[in-house]
Amino acid sequence: MFAADEPRQRVNRHVNRVSTGLKSRNRRPATWLRSLYRWLPDHVDARVRLIGWLSLAGQLLLVASGGAVRLTGSGLGCPTWPKCTADSLTTTPEMGIHGIIEFGNRMLTFVLTIIVILAFLFVMRMRAKRPDLFWLTFWLGMSIPVQAVVGGFTVLFRLNPYMVGVHFVLSIVLTIVTTVLVCRIHTTPSARVLAVPPWFAWAAWIMAAFAMITVLVGILTTGSGPHAGDADTLRTGFDTEFMEHIHALPAYITAGFTLLLVGASIGLAVGPVRRFLALLVVVEVLQIGVGLLQANTGLPGILVGTHMVLSALLMSAVTAVLVNLTQPVEAPEGATSRTSGAVASTSA
Ligand code: HEM
């Protein structure tokens, strides 16, 4: 009897082994995902802060590399999109240095994509207590394909200056959103109160509106200027010198309002916004200096590129000023006195 049962038992043992093996193999990815999820931050830590700053650096780098494409005349270094040439996804030796520059700019989008995906993953576990960070990284992630498609259309429209302008405006908007993300990472999630007198907040918003107008008119100025991105590209046809004057006017008004805010902040309890106003003044002085210099020296590429990156940096500083017009009711650790001062100044 024992001998007759032996083959059946062996089969049963084998079936058991196989099914146990399958179960553990099925369980393995779930366990792996669970450990990965547990490794993700459940509160804002150094990893979240780092990825926030990397996202902002990535946006600024993209503005710089877009500038390099336009200013080296490499706008059509890859003459088509999404492929680089009709037959190749990547640049080919025939496309020369222009192909390398334009393709490098396209590749940077992938680096930024990885950074933004990481940022999204890093705040996923804390989405219940930090929905602000969750949605900011979500929309940043969603914006990347949009920006890539706008970039693609810019090529397909043979660098039409209005399309190039839309591409740049989108970069500025993304820089603004990323700055909000960095600011929110560095603050507590509680309700916020105005940290400055209402008239001060109004003046800051007017300053920001003029900064945005300056950027938009600046883009139109560029559209009429010599740096088209390719020798045969259409221009807007506006008079460049006239556009320069129209562009500089809101720039000076922005600077005027900024100085007013800096002056007023000296005698007022305005919280951390003072620090960002100081940063803004520095960027504005540099930006206006570079703007005047480039306009009076025949628009050398290096100055025009610097002016582009500084405009993104300037809008980032403007955003930081706006975000810091309010402060959390619940003070971040070690900042109790500052917040209570701000609340006091609001109620005053
Ligand atoms: C708040 C200060 C300023 C900001 C935020 C700003 C921003 C900008 C922006 C965003 C562009 C378009 C860049 C592009 O599309 O590639 C631009 C172009 C330009 N800006 Fe400004 N600008 C400022 C001040 C000035 C000043 C004071 C001048 C002096 C006249 C100036 C002269 C120019 C010129 C000549 C261009 C066209 C460059 C080209 O043809 O490519 N900017 N500016």
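Where does proline 82 lie?

1. Proline 82 sits in the loop between helix 2 and helix 3; helices here are DSSP runs (H or I, at least four residues), numbered from the N terminus. A cis peptide bond links tryptophan 81 to this proline, with omega at about 5°. Before going on, note that this is a predicted model, where local features need pLDDT of at least 70, side-chain atom pairs count only at pLDDT 80 or more, and totals for chains, interfaces and linings use all residues. Residues are numbered from 1 along each chain as its sequence is written.

2. Two backbone oddities share the loop between helix 4 and helix 5: arginine 158 and leucine 159. Arginine 158 has a positive phi of about 50°, and leucine 159 has one of about 60°, although neither is a glycine. Leucine 159 counts as buried, with 20 C-beta neighbours inside 10 Å, while arginine 158 is partly exposed, with 16. (Buried is 20 or more other C-beta atoms within 10 Å, exposed is 12 or fewer, partly exposed is in between; C-beta atoms are placed from the backbone.)

3. Now the core. The largest nonpolar core (buried Ala, Val, Leu, Ile, Met, Phe, Trp, Tyr and Cys residues joined through C-beta atoms within 7 Å) has 62 residues, and Val318 and Val321 are among those with the most contacts inside it. Helix 9 gives the largest share, twelve residues. Domain 1 (44-186) and domain 2 (190-348) both contribute, so the core lies between them; the bounds come from an automatic or database domain assignment.

4. Helix 9 (residues 301-323) also holds valine 309, which is partly exposed, with 17 other C-beta atoms within 10 Å. Leaving aside residues up to four places away in sequence, valine 309 touches Leu60, Val63, Ala64 and Gly67; contact means C-beta atoms, placed from the backbone, within 7 Å. Its C-alpha atom is 9.2 Å from that of leucine 62, 247 residues away along the chain. With the same sequence exclusion, valine 318 touches Ala208, Ala211 and Leu280.

5. Last, helix 7 (residues 240-266). Its 27 residues should span 39 Å at 1.5 Å a residue, and the end C-alpha atoms are 39 Å apart, which agrees; the expected span is 1.5 Å times one less than the number of residues. Buried residues of helix 7 include Glu244, His247 and Thr258, and their cover includes helix 6 (198-224) and helix 8 (273-296).

Notes:
Contact = placed C-beta atoms within 7 Å.
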